[in-house]
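Here are a few worked exercises to try with the viewer open. Have a go at each one before you read the solution.

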Amino acid sequence: QRSDQHNIQNSRRQLGCHVQESMLSFISTRILTRGLGAAAWPARGLGTRGLGTAAQPTRVWNVYLAGEIHSAWRTDLAAGVRARELPIELTSPNPSHADSDDCGAIILGMEESRPNWDAHSARMNLIRTKTLINSADIVVVRFGDKYRQWNAAFEAGYASALGKPVVIQHPPELGHMLKEVNAGALAVCEDLDQVLCVCVNI
């Protein structure tokens, strides 16, 4: 039974990601990525989905990458977007964990109390976070397997409240803990490969 379920899952992934090569000639695409590097991305036969023609350029989607900043997942996803030449512009919060934690103290001055120090940094980070989520077409939120990522839950809730399409990605073992967050998402992915498939599908 598990083998059958696995085969069904693979078939669904292939169906969602595969687009005939003949469609590619009708699609004009470009990539705009900000502050995100390149990395190797495994080829899985993904195509580019779209109904545009040369006379009707494909829309460029603004995708905000919310969530944990303890790994290089944004760089990896950007490499996949770039390799597939998807018409996507990627934005994100400040990817530097140290700068995100300490910007309040560095810019506004050190506080004796850590809660005050954190509050200044959190508000300064929200200037970028709220602005970019407000302007995003789609918000991808990743929950990693390390730490309790309340910031990711906040960003998912904030995006949902604004009516933004939300795509959640987290390891399967976090499914129960994030069931309410998942309920507000339009897609829940187990890995970045699935997130890339969603990006291809739009």
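**Exercise 1.** Which residues does Ser-135 touch, not counting residues up to four places away in sequence?

*Solution.* Before you start, keep in mind that this is a predicted model.
- Step 1: find Ser-135, which lies in helix 4.
- Step 2: list its contacts, leaving out residues up to four places away in sequence; that gives Asn-62 and Lys-164.
- Step 3: look at the Lys-164 pair. Ser-135 and Lys-164 sit 29 residues apart in sequence, and their C-alpha atoms are 9.6 Å apart in space.
- Step 4: check the accessibility. Ser-135 comes out at 41%, and partly exposed covers the range between 20% and 50%, so Ser-135 counts as partly exposed.

**Exercise 2.** Work out what end-to-end span helix 4 should have, and compare it with the model.

*Solution.*
- Step 1: count residues. Helix 4 runs over residues 114-135, which makes 22.
- Step 2: apply 1.5 Å a residue, multiplying by one less than the number of residues. The expected span is 32 Å.
- Step 3: compare. The end C-alpha atoms are 32 Å apart, which agrees with the expected span.
- Step 4: don't take that to mean the helix has no bend, though: helix 4 has a kink of about 30°, centred on Leu-126.

**Exercise 3.** Find the buried residues of helix 4 and say which elements they pack against.

*Solution.*
- Step 1: the buried set in helix 4 is Trp-117, Ser-121, Thr-129, Leu-132 and Ile-133.
- Step 2: the partners of the buried residues are strand 2 (61-67), strand 3 (88-91), helix 3 (97-108), strand 4 (138-142) and helix 5 (150-161).
- Step 3: try a pair across two elements. Thr-91 is in strand 3, and Thr-91 and Leu-132 are 41 residues apart in sequence yet 7.1 Å apart in space, C-alpha to C-alpha.
- Step 4: classify Thr-91. Its relative accessible area is 5%, and the cut-off is under 20%, so Thr-91 is buried.

**Exercise 4.** Describe the largest pocket, then pick out one residue of its lining.

*Solution.*
- Step 1: the largest pocket holds about 600 Å³ of space.
- Step 2: it is lined by 23 residues, and the closest to its centre are Ile-69, Ser-100, Asp-101, Asn-125 and Asn-151.
- Step 3: helix 3, helix 4 and helix 5 are the elements that give two or more residues to that lining. Helix 4 gives the most, with 8 residues.
- Step 4: sort the lining by type: 7 nonpolar, 10 polar and 6 charged.
- Step 5: take Ser-100, found in helix 3. At 16% relative accessible area, against a cut-off of under 20%, Ser-100 is buried.
- Step 6: leaving out residues up to four places away in sequence, Ser-100 touches Ile-69, Asn-94, Ser-121 and Asn-125. Ser-100 and Ile-69 are 31 residues apart in sequence and 9.6 Å apart in space, C-alpha to C-alpha.

**Exercise 5.** What is the phi of Glu-85, and where does Glu-85 lie?

*Solution.*
- Step 1: Glu-85 lies in the loop between helix 2 (73-83) and strand 3.
- Step 2: its phi is positive, about 55°, although Glu-85 is not a glycine.
- Step 3: put that in context. Most residues other than glycine have a negative phi.

Methods. Residues numbered from 1 in each chain as written. Predicted model: local features only at pLDDT ≥ 70, side-chain atom pairs only at ≥ 80, totals over all residues. Heavy atoms only, no water. Helix = DSSP H or I, 4+ residues; strand = E, 2+ residues; numbered from the N terminus. Bend = angle between axes of the 7 residues up to and from the residue. Buried < 20%, exposed > 50% of the residue type's maximum accessible area, 1.4 Å probe, protein only. Contact = heavy atoms within 4.5 Å. 1 Å grid on protein atoms, 1.4 Å probe; cavity = no way out; pocket = protein on both sides within 12 Å on 5 of 7 lines; lining within 4 Å. Points joined across faces, edges and corners; volume = space filled by probe spheres on them. Nonpolar A, V, L, I, M, F, W, Y, C, P; charged D, E, K, R; others polar.
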